[in-house]
Amino acid sequence: MNPRFDRRSDETELMDDLSSSGEVIHQTLKELETINKWLGGNSVTLSGLDRLLSKGSFDNRPISIADLGCGSGDMLLHIARWARKKGVKVRLIGVDANPHIIDYAKRNTEQFEEISYEVSDIFSETFREKHFDIMTTTLFTHHFGDEALTALLRQMQQQSRIGIVINDLHRHWFAYYSIKWLTQLFSKSAMVKNDAAVSVLRSFRKSDWEGIARSSGMQQFSLKWRWAFRWQLVAPRFESGQTTG
């Protein structure tokens with residue numbers, strides 16, 4: 001069947017199976033780190049954090065940043081290094097529903113004391129009661145259909161004090177065939193070979209994001225296209241006594 005790019009796919013990914021564990025998960029997480037590094041995906045999240053923190057003046061306490069669907073913790077490593085370089089105090093919390101992934105992430109980032117983790121269903125009542133300064137997601141939102149994603153964005157707005165940074169894929173034929181070709185040639189992970197291309201089909205065009213953001217009640221947001229075939233959504237909130245610059 002030929003892939004369609006005019007609408008989001010509802011095909012499931014192998015990684016959506018929360019029982020996935022062992023070497024298949026380890027190899028997949030390692031390869032995803034490499035893909036993110038070489039295709040410039042990490043900078044999308046970091047520049048979004050830069051934009052949020054440049055717009056306000058904040059007290060001297062550590063800024064709490066929750067990374068939903070944190071995977072290997074690789075993005076948290078980049079955020080921790082970014083914060084240290086800038087002299088920004090942070091408390092980083094990685095959240096994932098798969099305990100096997102969290103175990104891997106803990107080992108992967110054990111040298112950074114500012115990073116902690118929790119296994120949690122982000123839609124649970126317990127998690128929804130928690131609040132953070134900033135909430136981020138990287139290559140996570142495409143795992144949800146429009147209705148669930150709308151609910152998630154609404155929830156993130158309620159849980160974040162400073163703002164939200166979302167980093168996810170652009171649904172485009174070139175992105176699809178490029179990643180499909182590259183992973184078939186170089187990947188050792190059956191999960192990556194399957195999920196990389198499916199992820200593109202499940203991802204977004206500009207109109208998708210605009211509709212979902214507005215349906216969630218998001219009043220103020222910035223949506224930018226970034227290389228390589230990424231969307232960056234930044235939504236500032238500046239609640240709880242924060243002041244804009």
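Where is the place of A228? In this predicted model, A228 sits in the loop that links β7 (222-226) to β8 (230-236). The peptide bond between W227 and A228 is cis, with omega at about -5°. Its loop holds another oddity, since F229 is also placed between β7 and β8. The phi angle of F229 is positive, near 55°, although F229 is not a glycine. Most residues other than glycine have a negative phi, and most peptide bonds are trans. F229 has a relative accessibility of 13%, so it counts as buried, the cut-off being under 20%.

L139 has a positive phi as well, near 55°, and is likewise a residue other than glycine. This leucine belongs to the loop between β5 and α6. Its relative accessibility is 25%, and because that lies between the 20% and 50% cut-offs, L139 counts as partly exposed.

Stepping back to the whole chain, the protein contains nine helices and nine strands. It has 245 residues, and 52% of them count as buried. The accessible surface adds up to about 11,900 Å², with 52% of that belonging to carbon and sulfur atoms. Contacts say something about how the chain folds back on itself: taking those between residues at least 6 apart in sequence, 80% join residues at least 24 apart.

Now for helix α6, which covers residues 146-159. With 14 residues at 1.5 Å a residue, α6 should span 20 Å, and because its end C-alpha atoms are 20 Å apart, the model agrees with that expectation. The buried residues of α6 are L149, T150, L152, L153, Q155, M156, Q157 and Q159. An α-helix has 3.6 residues a turn, so residues three or four places apart point the same way. Several elements help to cover the buried residues of α6, including β2 (63-68), α5 (125-128), β5 (132-138), β6 (160-169) and α9 (206-215).

One residue of α6 worth a visit is L153. L153 counts as buried because its relative accessibility is 0%. Leaving out neighbours within four places in sequence, L153 is in contact with I166, W209, I212, A213, S216 and M218. I166 is 13 residues away from L153 along the chain, and the two C-alpha atoms are separated by 9.8 Å.

Helix α3 (residues 74-86) can be checked in a similar way. This helix has 13 residues and reaches 19 Å from first C-alpha to last, close to the 18 Å expected at 1.5 Å a residue. Its buried residues are D74, M75, L76, L77, I79, A80, W82 and A83. Right after α3 comes G87, with a positive phi near 75°.

Next up is the second largest pocket, with a volume of about 300 Å³. Its lining is made of 15 residues, and P3, R4, S9, E11 and L201 are the ones nearest its centre. Both α7 (173-186) and α8 (190-202) supply at least two residues each to this lining. The largest share, five residues, comes from α8. What is the lining of the second largest pocket like by class? There are six nonpolar, three polar and six charged residues.

Helix α8 is also home to V198. At 5% relative accessibility, V198 falls under the 20% cut-off and therefore counts as buried. Setting aside neighbours within four places in sequence, V198 is in contact with E11, T12 and E13. E11 thus turns up twice: as a contact of V198, and among the residues nearest the centre of the second largest pocket. V198 and Y176 are 22 residues apart along the chain, while their C-alpha atoms are separated by 8.1 Å.

The last stop is Q220, in the loop between α9 and β7. Is Q220 buried or exposed? Q220 is exposed, because its relative accessible area is 53% and the cut-off is over 50%. Not counting residues up to four places away in sequence, Q220 touches A235 and P236. Q220 and R237 are 17 residues apart in sequence, and their C-alpha atoms lie 8.1 Å apart in space.

Notes: Residues numbered from 1 in each chain as written. Predicted model: local features only at pLDDT ≥ 70, side-chain atom pairs only at ≥ 80, totals over all residues. Heavy atoms only, no water. Helix = DSSP H or I, 4+ residues; strand = E, 2+ residues; numbered from the N terminus. Buried < 20%, exposed > 50% of the residue type's maximum accessible area, 1.4 Å probe, protein only. Contact = heavy atoms within 4.5 Å. Areas by Shrake-Rupley, 256 points an atom, 1.4 Å probe, with all protein chains shown as cover. Expected span 1.5 Å × (residues − 1). 1 Å grid on protein atoms, 1.4 Å probe; cavity = no way out; pocket = protein on both sides within 12 Å on 5 of 7 lines; lining within 4 Å. Points joined across faces, edges and corners; volume = space filled by probe spheres on them. Nonpolar A, V, L, I, M, F, W, Y, C, P; charged D, E, K, R; others polar.
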